[in-house]
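User: I have just opened this entry and would like a friendly tour. Could you take my questions one at a time?

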Protein chains: 2
Amino acid sequence: MEETSKLIPEPTTAAADLEVDGEEDEQDPESHSLHQPLLKRTPTLTTHHLAMVGAKISHIESLDYEINENDLFKHDWRSRSSVQVLQYIFLKWTLAFLVGLLTGVVASLINLAIENIAGIKMLHVARLVNEKRYVTGFAYFTGANFALTIVAATLCVVFAPTAAGPGVPEIKAYLNGVDTPNMFGASTLIVKIIGSIGAVSAGLDLGKEGPLVHIGACLASLLGQVGSDNYWLKWRWLQYFNNDRDRRDLITCGASSGVCAAFRAPVGGVLFSLEEVASWWRSALLWRTFFSTAVVVVVLRGFMEYCDSGKCGLFGKGGLILFDVSSVSVTYHASDLLPVALIGIIGGVLGSLYNHLLHKILRLYNLINEKGRMAKLLLSLGVSLFTSICLYLLPFLAPCTPCDPTLDATCPTVGRSGNFKQFNCPNGYYNDLASLLHATNDDAVRNIFSTGTPTEFRPISLLIFFALYCILGLFTFGIAVPSGLFLPIILMGSAYGRLLGLVMGSYTYIDQGLHAVLGAAALMSGSMRMTVSICVIFLELTNNLLLLPMMMFVLLIAKTVGDAFNPSIYEIILELKGLPFLEANPEPWMRNLTVGELAAAKPGVVSLRGIEKVARVVEVLKSTKHNGFPVVDQGVPSPVGMPEGATELHGVVLRSHLVAVLRKKWFLQERRTGEWEVREKFTSVDLAQKKGPKIEEIVLTEDEMDMYIDLHPFTNATPYTVLETMSVAKAMVLFRQVALRHLLIVPKYQGAGISPVVGILTRQDLRAHNILGAFPHLEKKGEK
Amino acid sequence: MEETSKLIPEPTTAAADLEVDGEEDEQDPESHSLHQPLLKRTPTLTTHHLAMVGAKISHIESLDYEINENDLFKHDWRSRSSVQVLQYIFLKWTLAFLVGLLTGVVASLINLAIENIAGIKMLHVARLVNEKRYVTGFAYFTGANFALTIVAATLCVVFAPTAAGPGVPEIKAYLNGVDTPNMFGASTLIVKIIGSIGAVSAGLDLGKEGPLVHIGACLASLLGQVGSDNYWLKWRWLQYFNNDRDRRDLITCGASSGVCAAFRAPVGGVLFSLEEVASWWRSALLWRTFFSTAVVVVVLRGFMEYCDSGKCGLFGKGGLILFDVSSVSVTYHASDLLPVALIGIIGGVLGSLYNHLLHKILRLYNLINEKGRMAKLLLSLGVSLFTSICLYLLPFLAPCTPCDPTLDATCPTVGRSGNFKQFNCPNGYYNDLASLLHATNDDAVRNIFSTGTPTEFRPISLLIFFALYCILGLFTFGIAVPSGLFLPIILMGSAYGRLLGLVMGSYTYIDQGLHAVLGAAALMSGSMRMTVSICVIFLELTNNLLLLPMMMFVLLIAKTVGDAFNPSIYEIILELKGLPFLEANPEPWMRNLTVGELAAAKPGVVSLRGIEKVARVVEVLKSTKHNGFPVVDQGVPSPVGMPEGATELHGVVLRSHLVAVLRKKWFLQERRTGEWEVREKFTSVDLAQKKGPKIEEIVLTEDEMDMYIDLHPFTNATPYTVLETMSVAKAMVLFRQVALRHLLIVPKYQGAGISPVVGILTRQDLRAHNILGAFPHLEKKGEK
């Protein structure tokens, strides 16, 4: 695996108190007595705590996907009537429906806007070129693109930095359990929609596909938050959705709907979420996601039927079914395996090369972006200018080609779409490079996928197209506008695929258009390393099931070859942004380290007592940044059935719940339990509210500080635990499979004077990079 | 949820010592001291231990999907060179390739055999009918079917009872972690192949689809076992595959390949495994499964290309692409939503009704089957006779219909396939019921799916067809031949779909053939409750992507309606067979019970000491049937770092490993550790061998009984544990997600004299039905 370096500064000692989701700054004297670590250790396990979210450095917290089984939750849960349960189920489906509906509507509107804006632009330019007013045409083309880029980039830079880029890596991290602040807000959504329209219309080498995924996720998140207190509407029903688990499911639906809307591929959308985006998956979710994408498809179809009657301006037939090659009968033979394998191998090599170079360029761009907003803006505008110049001028290098009268297609075409662009040529001639460059990206793909036109493009034109889009694809992705990875890769891939088909000539039976399709799929697989979902997306896109066996073959080869070089592009971006993504499979060397050794490399645990002094709770909350504290009972008042002198591990209490209790000032005069009273003051819905004054903002009197809190009702009494002898590999599997935020380590020994909890593991502690920082010798062992 | 009763006798007290995967018969005095259960409990949690595998009652064990991290494993793992790791990866892919290849070849051969046998039969019968020799025709038809059924049923009854039925529920249980003995053996495979050919050729109302899934799984299991000691080949490389995890992955590949081969639907096959069959899933497995199905498709394509040249007898074009409707352009409008919704609703109602009735009939059949082999055989033959009589005689009720000269199709047809069968009619006329009944099942489906033929079938014929196949579908499934559920349901569904289309007449734009397709999909979804995979299978089957939105709509409605009545047919069969399948989602009432309370309802734990006397090990193994024993260290020789008076939970040791140690007689003279010596005698490959003498067959001398065993190197030192306060719901999520066999319960208290382990949970203990037996009041609470 290639080593990837990060955009985020490593935490310095001075910054160490900023840590958000780590553990223990304080020492618990009991917890260290038993440890004779077998491995030499560095004093602390560094806790990496900053990451890029969108284009902005943010503090990272984890999400609570675990069901927090405290008394309040249980009480609330038991008291839910069957009507409420039905309401909840009904709402889940309603929300899934709304996610699909809104994503479909927004996608339709985006398509409509892009097709019209870009269409008007292209029409004008075509007219000007046709009138030989080349300079005016150039000025108009470049100016329009420049203006559109300014709109998109300014919005992104000023209002919502998280709207830049594709958003897919952040969604992936969110679904893995990483809270990505400001990623799914209303401002992000609006900027993403407008910015995406601007950037795509500006002819930049980017697509609306990635942004649509993000838009779907934003819509889902906003719908699920209607009930939370930071929005005007506070509907009682929706309060049940104010938890991370249900939001996760909704966002999965949203991401699937986005992919579905981008490619009109409902099954592909579901599989994309399943294969690439989601970390957890249940059969019930599969079904709900499928429902959302079905709604999207119905909306898109309704929209297209409406537009068929010409009410949508320049929309016409473009935009949605990208590349329908269903009319082509695919014939191939065993002898075609070799050229197809070649496409796959080249796809794998090019894909990993693209990943490698994009990584370098993103790091370079980050240096520029750090210089401030103006630098970001200038970078975007520079790329726009370069793109416009290349797109406009390069076709002039190509000679005019006479139209082939044996083909059915209109030739030459003047106007916004069409395959054989007349451009600067006399009647009866067309400019093949203009057919690719003087078109929207969607049209370019459609043209290069066109079948039955083996003589249309000259090799040199395809080569120029390929080279140009390689450069553009690398330099456009990182700029501050909403951008997707799909389309640039499809453009590059289709170019080399078609070029290869042209070179092979008569050696193969497969049409050049299909070569282009296979090339695009191969490069996607080589860069993104997905197989099943790309396969299905391409089948739904091209509407031709007979491609299936070849497609599978190409995808498998490309992925295998690509994996030999470096990780997938999304993994590289996640790593680059420093998002603490937890992989599904542990590293081999993790079997050689126990969680006990890992815990020993961290400062001790900060425990609270079951009935704790307010002053102590406040002090602990202020002096640490941890989000979970073990609650340990010891001595009086002894719980029923507790043996003499024993200690009891009651569970884990969350910071947010402690703050909620302090905020409500639910204190007791003496050291006693108050389980029944608390139910009158709190519901589990209150605890779920994350917004409100921070611990620093809560003012408590001296008297209050001397009072007590009974933590029992707020404590998650059923935390997941592991023995200290558990290997890190197995603990990680547990952490990841059950979607935990905190994992308690309990001692393997049973006896007097032993602390019932040895340590707490969080997401940060289980990240390979972080562990290797503290145990550097492990890597060498694991290298074999 | 409908209450389903079982085929298996509830365990009686007399049978209690037969329990295989339960726990503790002996009392451990320490383990009970702390328990004051909050709930009144029955003395023991009954351990259900018998289940039907195939058609045979067997003892059920669980599988070890957890990585058993004992010293030997770790040592072995560390000593693997990178070449060996590469070998392992290479082998994994080679096996996946072979699974696909062999499944493809076997599927091709089965198709070839069926098409030829059934073809010759149908040709003869058609000729006899054409010559008006009705009685001879009847005798020939019935006799041939009878003979073919005898072959299939005799093989199943005598040689491999597990080959009867579809096998899908058992595969589902296996992948869930239930060992299903004799399910994947060579004899099962051979009987399944021959039996399936016989049963399908006999014209019974069953398909080759379910059996193909089982065949794929058998092939995968056998391939993975080539290295194990019960086969002649013992290849060193393959030894690494002698573990349940790798076999699980292979069987998943096999099941996907089987579905792929049945429907020629590679993506559908992968999704079928994902949605219905597999309990655990990883991204890497998705990819490998996809590879296997890709290989299957290539094999099938090669086979069909070969047969296209007429070298395959009567094979022709039949058999594989079941129903290609790609030529139909699907046009539909918003007004079609209503009829389509109606198809979905009826599909859901009929599907759940089918599930309900099939459940009753399977119970009835079980009473018959218990009477012995002859009863089974007679039942099968009776069904065969009834089927033959109906199929042959019913078409005589239908009047002859004049051929419609406006249609392109040949009419009438004489021969084995073809849509408009002449049967007993004069030239220029055809018998519509004969087109459906005097054909192989595949041809019948193809005919009923035929598009552009709105006048072909009369409503009364379709009604007769539907009624007949409802009866046959219910009574054929349970007989002792290899049978699938897919085809009977498709036949029923297509009949009512087409009938509905005929009734709607001009109210809908949708072709009757598509109505039939939608009806088939709806009934499948209504009975099997899958959505995404059925959708993809049907799309690949019909080769028409434009059906997608309607298909999704129908499937979602049918599943929703069906779920309102009863569980899916596979769940009903699993329940009926008593297979201890662990659901993904816990029951709501499981939150109200802690694992501590659950453990208290069981007899105490039988623990072993780290260095144990041979006599004690033998005694424990002989007196209990448990498969896992906690290893607890106490006193001398104290491990390094153990505090005075403390006890240590070292881990869990498996029965099979203890037996392996006894078999090798690796004993120590005194009470000491022997960690280093053991590595010379054992490798983890030795421990993985499950075959060998049972504990009862090992003879030990008096001297040997007085010696000691150091259990440490064999103990899984990293067992997963839960606190006794953990709710059963959360423990079950852990158990299921991480694929466990044993889950240790540790005390929440820490102090002197407390046992470090409170109990062990196994699969049986976490089954809802079992828990409710011990805690009957929970169900009432949970009913709300």
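User: In which helix of chain A is confidence lowest, and in which is it highest?

Analyst: Happy to help! This is a predicted model, and the mean pLDDT of chain A is 81, with 84% of its residues at 70 or more. Among the elements of chain A, the lowest mean is 61, in helix α28 (residues 777–783). At the other end of the range, with a mean of 94, is helix α3 (residues 134–158) of chain A.

User: Over which residues of chain A does pLDDT stay under 50?

Analyst: One such stretch has 100 contacts in the model beyond four places in sequence, yet its pLDDT stays under 50: residues 1–43 of chain A. Another, with 14 contacts beyond near neighbours in sequence, also falls below 50: residues 227–233 of chain A. Where pLDDT is low, the predicted coordinates should not be read in detail.

User: What rotation superposes chain A on chain B?

Analyst: The superposition has an RMSD of 0.1 Å and a shift of 0.0 Å along the axis. The two copies are thus related as by a two-fold rotation axis. The rotation is 180°.

User: Why can we say that the copies meet through the same surface?

Analyst: In the contact between the chains, 67 residues of chain A touch 67 residues of chain B. The copies meet through the same surface because the interface residues of chain A are also interface residues in chain B, and the share for which this holds is 100%.

User: Which helix gives the largest share of the side of chain A that touches chain B?

Analyst: That side of chain A divides into 40 nonpolar, 16 polar and 11 charged residues. The largest share of it is 9 residues, and they come from helix α9 (residues 283–308) of chain A.

User: Which are the edge strands of the open sheet with the order β14(A)-β10(B)-β9(B)-β7(B)?

Analyst: This sheet has 4 strands and mixed pairing. Within it, β9 (residues 628–634) of chain B pairs with β10(B) in the antiparallel sense over 7 bridges, and B:D633 stands opposite B:E648 there. Strand β14 (residues 749–750) of chain A also pairs antiparallel with β10 (residues 647–654) of chain B, over 2 bridges. The strands that pair on one side only are β14 of chain A and β7 (608–609) of chain B.

User: In β10(B), which residue is the bridge partner of A:Q750?

Analyst: Here we look at the pairing of β14 of chain A with β10 of chain B, which is antiparallel. The bridge partner of A:Q750 in β10(B) is B:T647.

User: Is A:G645 buried, partly exposed or exposed?

Analyst: A:G645 lies in the loop between β9 (628–634) and β10 (647–654) of chain A. Beyond its neighbours within four places in sequence, A:G645 is in contact with A:A752, B:G751 and B:A752. Its count is 15 C-beta neighbours inside 10 Å, and a residue is buried at 20 or more and exposed at 12 or fewer. A:G645 is therefore partly exposed.

User: And is B:G258 buried or exposed?

Analyst: B:G258 sits in helix α7 (residues 244–263) of chain B. Its contacts beyond four places in sequence include B:T103, B:L212 and B:H214. Because 37 other C-beta atoms lie within 10 Å of its own, B:G258 is buried.

User: How many residues of α6(A) are buried?

Analyst: Helix α6 (residues 209–224) of chain A has 16 residues, which at 1.5 Å a residue should span 22 Å. Its end C-alpha atoms are 23 Å apart, which agrees. The helix is mostly covered, and of its 16 residues the number buried is 15.

Technical notes:
Residues are numbered from 1 along each chain as its sequence is written. Chains are lettered from A and ligands numbered from 1 in the order in which they are written. This is a predicted model: local features need pLDDT of at least 70, side-chain atom pairs count only at pLDDT 80 or more; totals for chains, interfaces and linings use all residues. pLDDT is the predictor's confidence in each residue, from 0 to 100. Two residues are in contact if their C-beta atoms, placed from the backbone, lie within 7 Å. Copies are superposed by least squares on the C-alpha atoms of residues with pLDDT of at least 70 in both. Ala, Val, Leu, Ile, Met, Phe, Trp, Tyr, Cys and Pro count as nonpolar, Asp, Glu, Lys and Arg as charged, and the others, Gly among them, as polar. Two strands pair if DSSP finds at least two bridges between them. The expected span of a helix is 1.5 Å times one less than its number of residues.
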